[in-house]
Amino acid sequence: MGIVVQKFGGSSVATPEKYRRVARRIAWKKKQGNDMVVVVSAPGDMTDELIERARAITERPSPREMDVLMATGEQISIALLTMALHELGVDAVSLTGPQAGFQTDDHHRAAKIRNIDTTRVRRELAGGKVVIVAGFQGLDEHGDITTLGRGGSDASAIALAAYLNADECQIFTDVDGVYSADPRLVPTARRLDEISYDEILELAAAGAQVMQLRSVELAKQYGVEFEVLSSLAPLPDEGGEERGTKVVAKLSPNNNRIVSGVALDSKVAHITLLGLPDRPGVAYKAFKALGDARINLDMIVQSAGTGCGNGPTADISFTCARDDLDTALEVCNRILPEFPGARVVYDTDVAKVSIVGSGVASNYGVAAKMFEALAEKDINIELITGSEIKISCLVRASRAMEAVRAVHDKFQLGDLEPIVE
């Protein structure tokens, strides 16, 4: 047997009983002859609670101090889970991100992993111990604690699997895999047996709460195939079977899905820059300023403006996370004086509905089928963008859930059959 990296999210360790249950799952895998490295998130909603505590003190907390604060949640988890393993007679040791060798850049609250020195982890494994690692955190070159952004424990697990050349990587959550849509919104959603890196990347970018985007990028970069499973499923020592969704580089030849899933992002804002001069370099200036402000943009569309006495104009629309709206508007209002007559408008009463699938580009009529589903429900499309495997539509927020269900039904995603090996 070899090295197995497992990751357990906050919902998997929200109570003492859940810690014990996770410990039993780890112990069973260890008894199969595997070297076990386990990455854990903060318990339950603790990260949100810590953020609220900070906001009770100040509306603008220092990013560095926020990292110091938020890293404590994972440290609680690793200590408690290690104690639970000790109670089962399993030799285990807890390590913080820095102790486990995670080295990051100094972008507090959204740091990227630069390197992992696995010396300590390998030494503990060689001693027969299960190594419990605090996810979501590392240390920058200045010796300061950093965090990897929400969902960063997934990235910690994927990166560890890559650096340790692990034989398996398992991501345990409170659902038993990746679904064709959010089951809370679409009761007929089905679990997918497998999904490609590109598909899950597009679903995550489109708003699906499946995996942290950066973690899937890391998996694709390092070629780490992993499986998403449920920590709530029956334990193997109770006769349970580990079944989830495999995230792979390339889908099986017998997988003939055109569309794999429908995603909804209801936390978006729509911004339009009106009356910009239609000449080279204008879009660059606008998006360079937004990029410098670390604002991620999506659904970028340029169209001809109404024109003015100074020559032809263009309107540029884009979406961003609603949390970034204030910053984005500040940036836009700062650069608009360079373009007399231009102005900015925005809308937050919108949502983005997307379909994702490896067959989108290679099959005729996919876009038309999506638009037909929305037309049949009299849902207006306000913005459309697409890529090789994704088509996104911006609709009114009040119609978003109806739109997701309509599109899911139109592509008959509730009728997906399991892949026959």
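Which strands and which helix are included in what covers the buried residues of helix H8? I shall answer that shortly, after one remark: the structure before you is a predicted model.

Let us turn to helix H8, which spans residues 282–292. Its buried residues include Val282, Ala286, Ala289 and Leu290. These four cover an arc of only 100° around the axis, which puts them on the same side of H8. The general background is brief: an α-helix has 3.6 residues a turn, so residues three or four places apart point the same way. Now to the opening question. The cover over the buried residues of H8 includes strand E14 (268–277), strand E15 (297–304), strand E16 (313–321) and helix H9 (325–335). On the face turned away from the buried side, H8 carries the exposed residues Tyr284 and Asp292. Just after the helix comes Arg294, with a positive phi of about 60°.

My second topic is the open sheet. It is built of eight strands with mixed pairing, in the order E3-E6-E2-E1-E9-E11-E12-E10. Which strands stand at the edges? They are strand E3 (92–95) and strand E10 (194–196). Each has a single partner strand, so one side of each is left without a neighbour in the sheet. From one strand to the next, the twist averages 20°.

Within this sheet, consider strand E2, residues 35–40, and strand E6, residues 130–134. The two pair in the parallel sense over four bridges. Val38 stands opposite Ile132 in E6. Following E2, we reach the loop between that strand and helix H2 (46–57), where Ser41 is found. Is Ser41 buried or exposed? Its relative accessibility is 11%, and Ser41 therefore counts as buried, the cut-off being under 20%. If we leave aside neighbours within four places in sequence, Ser41 is in contact with several residues, among them Lys7, Phe8, Glu74 and Ser153.

Phe8 brings me to the aromatic pairs, of which the structure holds three. I shall describe two. In the pair of Phe8 and Phe172, the ring centres are 4.7 Å apart and the planes lie at 10°, so the pair is stacked. Phe8 belongs to strand E1 (residues 3–8) and Phe172 to strand E9 (residues 168–173), so the pair ties together parts that are 164 residues apart in sequence. Both Phe8 and Phe172 are buried.

The other pair is formed by Tyr163 and Tyr222 and is tilted, at 6.1 Å centre to centre with 55° between the planes. Tyr163 lies in helix H5 (residues 152–164) and Tyr222 in helix H7 (residues 213–222), and the pair links these distant parts of the chain, 59 residues apart. Tyr163, at 25% relative accessibility, counts as partly exposed. Tyr222 is also partly exposed, with a relative accessible area of 38%.

Finally, the cysteines. How many disulfides does a search of the whole structure find? The result is zero. For orientation, a disulfide is a covalent bond between the sulfur atoms of two cysteines. Cys320 is in no disulfide, and the nearest cysteine sulfur, that of Cys332, is 8.5 Å away. A pair would count only with its sulfur atoms within 2.5 Å. Cys320 is buried, with a relative accessible area of 4%. Cys169 counts as buried at 4% relative accessibility.

Thank you for your attention.

Definitions and conventions:
Residues numbered from 1 in each chain as written. Predicted model: local features only at pLDDT ≥ 70, side-chain atom pairs only at ≥ 80, totals over all residues. Heavy atoms only, no water. Phe/Tyr/Trp six-rings, centres within 6.5 Å; stacked < 30°, edge-to-face > 60°. Buried < 20%, exposed > 50% of the residue type's maximum accessible area, 1.4 Å probe, protein only. Arc of directions from axis to C-beta. Contact = heavy atoms within 4.5 Å. Pairing = 2+ DSSP bridges. Axes fitted to C-alpha atoms, helices over the stretch in contact; angles between N-to-C directions.
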